[in-house]
Amino acid sequence: MARHRVLVMVSYKPSARDPEGETLAGELRRLGYTWILGARAGKAFVFEVEAGSREEAARLVEEMARETRLYNPAVHSLLVIPLA
(Lines give C-alpha, C1' and ligand atoms only; values in the text may rest on other atoms or scores of the structure.)
Protein backbone atom coordinates (compact mmCIF):
# COMPACT_ATOMS: atom_id res chain seq x y z
CA MET A 1 0.00 0.00 0.00
CA ALA A 2 1.16 3.49 -0.79
CA ARG A 3 0.31 6.89 0.60
CA HIS A 4 -1.81 9.10 -1.67
CA ARG A 5 -3.24 12.58 -1.37
CA VAL A 6 -6.79 13.33 -2.45
CA LEU A 7 -8.30 16.79 -2.89
CA VAL A 8 -11.99 17.18 -2.08
CA MET A 9 -13.77 20.35 -3.10
CA VAL A 10 -17.24 21.13 -1.77
CA SER A 11 -19.10 23.99 -3.42
CA TYR A 12 -22.64 25.17 -3.81
CA LYS A 13 -24.56 23.73 -6.74
CA PRO A 14 -25.17 26.29 -9.49
CA SER A 15 -28.87 26.24 -8.61
CA ALA A 16 -28.20 27.03 -4.92
CA ARG A 17 -27.80 30.56 -3.63
CA ASP A 18 -24.29 31.34 -2.37
CA PRO A 19 -24.42 34.31 0.05
CA GLU A 20 -20.68 34.16 0.81
CA GLY A 21 -19.75 34.20 -2.87
CA GLU A 22 -22.21 37.02 -3.57
CA THR A 23 -20.76 39.09 -0.72
CA LEU A 24 -17.20 38.44 -1.84
CA ALA A 25 -17.94 39.41 -5.45
CA GLY A 26 -19.77 42.55 -4.35
CA GLU A 27 -16.92 43.67 -2.08
CA LEU A 28 -14.30 43.02 -4.75
CA ARG A 29 -16.28 45.12 -7.27
CA ARG A 30 -16.63 47.84 -4.63
CA LEU A 31 -12.82 47.81 -4.21
CA GLY A 32 -12.37 48.43 -7.93
CA TYR A 33 -12.11 44.93 -9.29
CA THR A 34 -15.00 45.66 -11.63
CA TRP A 35 -14.04 42.80 -13.93
CA ILE A 36 -15.21 40.33 -11.22
CA LEU A 37 -18.61 39.17 -12.42
CA GLY A 38 -19.28 36.64 -9.68
CA ALA A 39 -17.74 34.29 -7.15
CA ARG A 40 -18.68 30.94 -5.68
CA ALA A 41 -17.50 29.95 -2.21
CA GLY A 42 -16.69 26.49 -1.03
CA LYS A 43 -14.38 24.33 1.04
CA ALA A 44 -11.34 22.30 0.11
CA PHE A 45 -9.91 19.33 2.00
CA VAL A 46 -6.75 17.35 1.33
CA PHE A 47 -6.75 13.82 2.73
CA GLU A 48 -3.74 11.56 2.99
CA VAL A 49 -4.85 8.01 2.30
CA GLU A 50 -3.23 4.60 2.33
CA ALA A 51 -4.45 2.74 -0.77
CA GLY A 52 -3.26 0.55 -3.61
CA SER A 53 -3.64 3.25 -6.29
CA ARG A 54 -4.62 6.88 -6.79
CA GLU A 55 -7.97 5.78 -8.15
CA GLU A 56 -8.66 3.58 -5.13
CA ALA A 57 -7.68 6.45 -2.82
CA ALA A 58 -10.12 8.77 -4.59
CA ARG A 59 -12.88 6.15 -4.43
CA LEU A 60 -12.32 5.58 -0.69
CA VAL A 61 -12.40 9.31 0.03
CA GLU A 62 -15.54 9.83 -2.04
CA GLU A 63 -17.28 6.98 -0.18
CA MET A 64 -16.21 8.49 3.14
CA ALA A 65 -17.47 11.93 2.12
CA ARG A 66 -20.88 10.53 1.15
CA GLU A 67 -21.23 8.29 4.22
CA THR A 68 -20.18 10.94 6.74
CA ARG A 69 -22.13 13.74 5.11
CA LEU A 70 -19.00 15.84 4.66
CA TYR A 71 -21.27 17.93 2.48
CA ASN A 72 -24.99 18.46 2.00
CA PRO A 73 -25.92 16.78 -1.30
CA ALA A 74 -29.10 18.86 -1.51
CA VAL A 75 -27.15 22.10 -2.00
CA HIS A 76 -23.50 21.14 -2.52
CA SER A 77 -21.50 19.59 -5.30
CA LEU A 78 -18.58 17.29 -4.54
CA LEU A 79 -15.41 17.09 -6.61
CA VAL A 80 -12.80 14.45 -5.73
CA ILE A 81 -9.38 14.73 -7.37
CA PRO A 82 -6.48 12.35 -6.74
CA LEU A 83 -3.26 14.37 -6.42
CA ALA A 84 0.15 13.36 -7.72
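The following exchange asks how some of the terms applied to this predicted model are justified.

User: What kind of model is this, and how are its residues numbered?
Analyst: The model is predicted, so local features need pLDDT of at least 70 and side-chain atom pairs count only at pLDDT 80 or more, while totals for chains, interfaces and linings use all residues. Residues are numbered from 1 along each chain as its sequence is written, and side-chain values use heavy atoms, with hydrogens and water left out.

User: How do you know that the span of H2 agrees with that of a helix?
Analyst: A helix here is a DSSP run of H or I with at least four residues, and its expected span is 1.5 Å times one less than its number of residues. The 15 residues of H2 (residues 54-68) should therefore span 21 Å, and the end C-alpha atoms are 21 Å apart, which agrees.

User: Which residues of H2 are called buried, and why are they placed on the same side?
Analyst: Buried means under 20% relative accessible area and exposed over 50%, with partly exposed in between (1.4 Å probe, protein chains only). Ala57, Ala58, Val61 and Ala65 are the buried residues of H2. They cover an arc of only 95° around the axis, taken from the directions from the helix axis to the C-beta atoms, which puts them on the same side of H2. On the other side, Glu55 and Glu67 are exposed.

User: What do the buried residues of H2 pack against?
Analyst: With contact meaning heavy atoms within 4.5 Å, they pack against strands S1 (2-12), S2 (42-51) and S3 (76-82).

Conventions. Helices (H or I, at least four residues) and strands (E, at least two) are DSSP runs, numbered from the N terminus.
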